[in-house]
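Got your viewer open? Load the model below and keep the selection box handy.

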Amino acid sequence: MHFEFCGKKVKILATAVTAFIIIFVAAHWKLYLGEDVETEFGPILLALSIIGGIAAWPLIAVRASVNDRYKMLVNTIFFFIMPILTMQMVECFNDKFIWNFSVKTGISNYLIYLVFYLIIWLISGRYHLTGLIINIVLYVWALVNYFIELFRGTPFLPADIISAKTGLSVADGYDFALSWEIILGSIIFFLIYLINKHIKSERPKKLKYKVSWKCACAAYLAVILISFFFTDFSANTGYKPDFWNQARGYHKTGSFFNFCLNTKYLKVRKPSGYDAGEVEDIVYDTLEDYGVDPEGDTSLNILTGEDDYVATATEGNYPNIIYIMNESFADLGNMGDLETNEDYMPFIHNLTENTIKGYLSVPVFGAGTSNSEFEALTGDTIAFLPSGCNVYQLYIKKETPSIVSSLISLGYSHVALHPYYRDGWNRSTVYPLLGFSDFISLEDIVDEDILDEYESTSNVTEYEENLKERYADGGDMLLRRFISDAYDYSMIEDMYEDRDPDQPFFIFNVTMQNHGGYTVSYSNFNQQIYITNMEGEYPMANRYLSLVKESDSAFESLVEYFSNVDEPTVICMFGDHLPSVETAFYEELLGSDLDELTTEQEQLRYETPFIIWANYDIEEAEVDNISSNYLHVLLEQTAGLPMTQYDKYLAAVYQTVPVIDTVGYKDADGTCYSANDETPFETLLHEYNCVEYNMLLDKKDRKDELFYLN
């Protein structure tokens, strides 16, 4: 191999580029060595970044040439080295280096990266073009994964591609700040680009070698892809998604590798042995096993476990029902020893009269609102569906039974209210399929011209001024940049005042006030709450807790309003997921690195408060263990309403497995199991899976009589 310097202009360019990289890295040294940097290798990473800048000079200013006899061999060797460099670039954004992996893990990652290299090469026939395409795509992928995990606490999963539009609609509330990962990862990407420029496509001159080479590549792809997607080879060798903690899986065995592992689980397969004709038998046999007559009028009482629940509400006397899913509403003190300057949830903490409350296990952390919503409306659990999927985006294509359809059959109104954009999470399509006749969204609350201006400028101050000028109550609409809970609940009160008095009132409300993006301060948000007993400084957590205080006050006002209403009314409010605040905050609160949590600790990260309150006498209770797939059954029983056979079935399953979520399960004694554990109730869960599959996915042979009120 022969080396020679390029011309003077190229050397000047190389010097300028190298100087820029070194100066830029030096100017941002605090991103490597600052007090807030969560790595002990800051000096090494800083040195590597500077070395990367120096390495750019010869790659730009020096030209390499190879004897014609060895060109094909040398270029082919470099082509097969490139996936290793790409892997390191991607893992830099994952705070990992390839030497952190075991040999087996490193090889497994390499084999997957090579698949994509060979696919593009077979299409293009060019080494250089292949490297260019692959590295641009994976650089963007690594950036997306980095920011998604930073903002919501969970990594980028295949199903997130479908919900990208919803994610982008709230992205301007987050702080896209530089970090050492971004700087070093970008330097590696640039070096890969420079190396790739020197790789030329050399093809065998003889046809038989050309054919043999392509056949060998095709055979490799066939072996890897077939074993990956159509066999259990990867799982048997220890590589499958960490469904309990996807972030942990991404960090331990590679981010892009785990992303690819998750694609295998996107398609929902029928449960083993599934037979639509046996679903009714499963439901009836389960009820009988729990001592319930499937043809009778009774059901197991969620609270007592006794077969003594009978619908007490009668036509003309059905209570109004207000069902609220509060965005990012959580009681962080439930996770550990948390002290603040004042109680951040005083009303809810002290609410006991005519109240059932506790902590609800939800299927998502940090994001994925609509999955919690889906469980609370239908009784189906996300645990039986592919990890990272979004049900509203993927699976609800036709009319789907829910609590809405049950209430419709009883004569209730059926309105959904969400004070944000109507097409988020595909709600505008899904809500009619769940039974909602009317969907009130941000577009119905704020005039189009104001929204258009805000979307184009993202200027919250102008947005708020426009609302004040246009609407009499416009000054009270926003908290930060979202419709406040207080204003949201005032709309519920107005809708109740304007209701059809001949119908019992039902509304499902998804709030927006507490949505993620806690790094930015706003002039219309007064921070009241501060953590007082933790070593670290957590401004995001402080802002979040102050928002919770506002939610608590707004809920107090809503309860006070309906306390003065004569008609019987039941209000159920629950949080959809915990907020994505500082990782270090959760680790200090839990006393453990997030990758080392026990099943019990991990379960706490998926528990949000729920409250069922009535303006008439109901039996008070605190519920220790319940997941969101059972919540609507508890709500129906509190309101004294008739139940579908599926709801009765859920009340029975609850007695044995009161918590089913994406972390795992809890039994009636509160014992936690991870999703990967063998459990003593596998048969019960498998049967539940079959019933859910029939309800949600087997539209052709769905047993409607189980899921709708007769």
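Here is a tour with a few stops: the nonpolar interior, some charged pairs, a small sheet and the cysteines. One thing to keep in mind along the way is that this is a predicted model.

**Stop 1: the nonpolar interior**

Start by selecting Tyr323 and Phe610. These are the residues with the most contacts inside the largest nonpolar core, which has 89 residues. Now colour helix α28, residues 682–696: this helix gives the most to that core, with eight residues.

Stay with Tyr323 and bring up what surrounds it. What is Tyr323 in contact with, once neighbours within four places in sequence are left aside? The list includes Ala376, Leu377 and Ile403, then a run from Phe506 through Ile507 and Phe508 to Asn509. Cys572 and Phe574 are on the list too, and Leu631, His632 and Leu635 complete it.

Next, select Phe505, Met512, Leu545 and Trp613. They are among the members of another core, of 76 residues, which lies apart from the one around Tyr323.

**Stop 2: charged pairs**

Time to switch to the charged side chains. How many salt bridges does the structure hold? The count is 10, and a few of them are worth a visit.

Select Glu373 and Arg427 to begin with. Their side chains meet in a salt bridge, at 2.9 Å from N to O. Glu373 sits in helix α15 (residues 369–378) and Arg427 in helix α18 (residues 427–434), so this pair ties together parts that are 54 residues apart in sequence. Is the pair buried or exposed? Glu373 has a relative accessible area of 0%, so it counts as buried, and Arg427 is buried as well, at 2%.

Move on to Arg499 and Glu567, where the salt bridge is 2.8 Å from N to O. This one also links distant parts of the chain, 68 residues apart: Arg499 is in the loop between α22 (485–497) and β9 (506–510), while Glu567 is in the loop between α23 (539–563) and β10 (569–575). Check the surface here: Arg499 is partly exposed at 22% relative accessibility, and Glu567 is partly exposed at 27%.

Then pick Glu602 and Arg605. They form a salt bridge with their closest N and O atoms 3.2 Å apart. Glu602 is buried, with a relative accessible area of 1%, and Arg605 is buried at 5%.

For the last charged group, select Asp447, Asp449 and Arg470 together: a network of salt bridges links these three.

**Stop 3: a three-stranded sheet**

Switch to cartoon view and find β13, β14 and β15. In that order they form an open sheet, with antiparallel pairing. β13 (659–660) and β15 (672–674) are the edge strands, each with a single partner, so one side of each has no neighbour in the sheet.

Zoom in on β14, residues 664–666, which three bridges join to β15. Which residue of β15 is the bridge partner of Tyr665? Select Tyr673 and you have it.

**Stop 4: the cysteines**

Finish with the cysteines. A disulfide is a covalent bond between the sulfur atoms of two cysteines. The disulfide count for this model comes to zero. Two cysteines to click on are Cys260, which is buried at 7% relative accessibility, and Cys672, buried with a relative accessible area of 12%.

Definitions and conventions:
Residues numbered from 1 in each chain as written. Predicted model: local features only at pLDDT ≥ 70, side-chain atom pairs only at ≥ 80, totals over all residues. Heavy atoms only, no water. Disulfide = S-S within 2.5 Å. Buried < 20%, exposed > 50% of the residue type's maximum accessible area, 1.4 Å probe, protein only. Salt bridge = Lys/Arg side-chain N within 4 Å of Asp/Glu carboxyl O. Helix = DSSP H or I, 4+ residues; strand = E, 2+ residues; numbered from the N terminus. Core = buried A, V, L, I, M, F, W, Y, C linked by side-chain atoms within 4.5 Å. Contact = heavy atoms within 4.5 Å. Pairing = 2+ DSSP bridges.
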